[in-house]
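Hi,

Here's the structure I said I'd pass along. Have a look at it first, and then read on for what turned up when I went through it.

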Amino acid sequence: MRKGLIPVALGTIVTTTGLVLDSKQSKCNLCARNDYASLVGTFLVGLGVAHILLGGIDIARD
């Protein structure tokens, strides 16, 4: 198995989960101040993209 493949797969799953959580917020134009689902969704998208980027760097280095 290539090095970096696990972080890319994990990042894809986390990003997808974040997008699903965040898509519910995009249906309403106004975001409530205590809309934690949207906050968690945005955090998961960022975390997932970081995993994909770092896993891609590992794959490219080998």
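One bit of vocabulary before we start: helices here are DSSP runs of at least four residues coded H or I, and they are numbered from the N terminus. That matters for Lys-3, which sits in the segment before H1. Also keep in mind that this is a predicted model.

**The overall picture**

The chain has 2 helices and 0 strands. H1 covers residues 5–26, and H2 covers residues 36–61. Of the 62 residues in the chain, 19% are buried. The accessible surface adds up to about 4700 Å², with carbon and sulfur atoms accounting for 69% of that. If you take the contacts between residues at least 6 apart in sequence, 76% of them join residues at least 24 apart.

**The start of the chain**

Back to Lys-3. Leaving out residues up to four places away in sequence, Lys-3 touches Asp-58, Ile-59, Arg-61 and Asp-62. Its C-alpha is 9.8 Å from that of Ile-57, although the two residues are 54 apart along the chain.

There is also a nonpolar patch on the surface here, formed by Met-1, Leu-5 and Ile-6, and together they have about 380 Å² of accessible area. Leu-5 belongs to helix H1. Its relative accessible area is 41%, so Leu-5 counts as partly exposed.

**Thr-15 and Leu-44**

These two make a nice pair to look at. Thr-15 is in helix H1, while Leu-44 is in helix H2. They are 29 residues apart along the chain, yet their C-alpha atoms are separated by 6.0 Å.

Buried or exposed: which is Thr-15? Buried, because its relative accessible area is 12% and the cut-off for buried is under 20%. Leu-44 also counts as buried, at 19% relative accessibility, so it falls under that same 20% limit.

Again skipping residues up to four places away in sequence, Thr-15 touches Leu-44, Val-45, Gly-48, Val-49 and Ile-52. From the other side, the residues that Leu-44 touches include Val-14, Thr-17, Gly-18 and Leu-21, along with Thr-15 itself. Thr-15 has a polar contact too: its side chain reaches the backbone oxygen of Gly-11 at 2.7 Å.

**His-51 and Leu-53**

Further along helix H2 you'll find His-51. Its relative accessible area is 26%, so His-51 comes out as partly exposed. A polar atom of the His-51 side chain lies 3.0 Å from the backbone oxygen of Leu-47. What does His-51 touch, not counting residues up to four places away in sequence? Pro-7, Val-8, Leu-10 and Gly-11. The C-alpha atoms of His-51 and Val-14 are 8.8 Å apart, with their positions 37 residues apart along the chain.

Leu-53 is in helix H2 as well. At 55% relative accessibility, Leu-53 counts as exposed, because the cut-off for exposed is over 50%. Measuring C-alpha to C-alpha in the model, Leu-53 is 8.5 Å from Gly-11, and the two are 42 residues apart in sequence.

If you only open one spot in the viewer, try Thr-15: the Gly-11 backbone oxygen and the Leu-44 contact can both be found from there.

Cheers

How values were computed:
Residues are numbered from 1 along each chain as its sequence is written. This is a predicted model: local features need pLDDT of at least 70, side-chain atom pairs count only at pLDDT 80 or more; totals for chains, interfaces and linings use all residues. Side-chain values use heavy atoms; hydrogens and water are left out. Patches are made of residues with over 30% relative accessible area and no salt bridge: like charges are joined within 9 Å, nonpolar side chains (Val, Leu, Ile, Met, Phe, Trp, Tyr) within 5 Å. Accessible areas come from the Shrake-Rupley method with a 1.4 Å probe; for residues, only the protein chains shown count as cover. A salt bridge is a side-chain nitrogen of Lys or Arg within 4 Å of a carboxyl oxygen of Asp or Glu. Buried means under 20% relative accessible area, exposed over 50%, partly exposed in between (1.4 Å probe, protein chains only). Contact means heavy atoms within 4.5 Å. A polar contact is a pair of N or O atoms within 3.5 Å; within protein, one must be able to donate a hydrogen and the other to accept it, and residues adjacent in sequence count only if both atoms are side-chain atoms.
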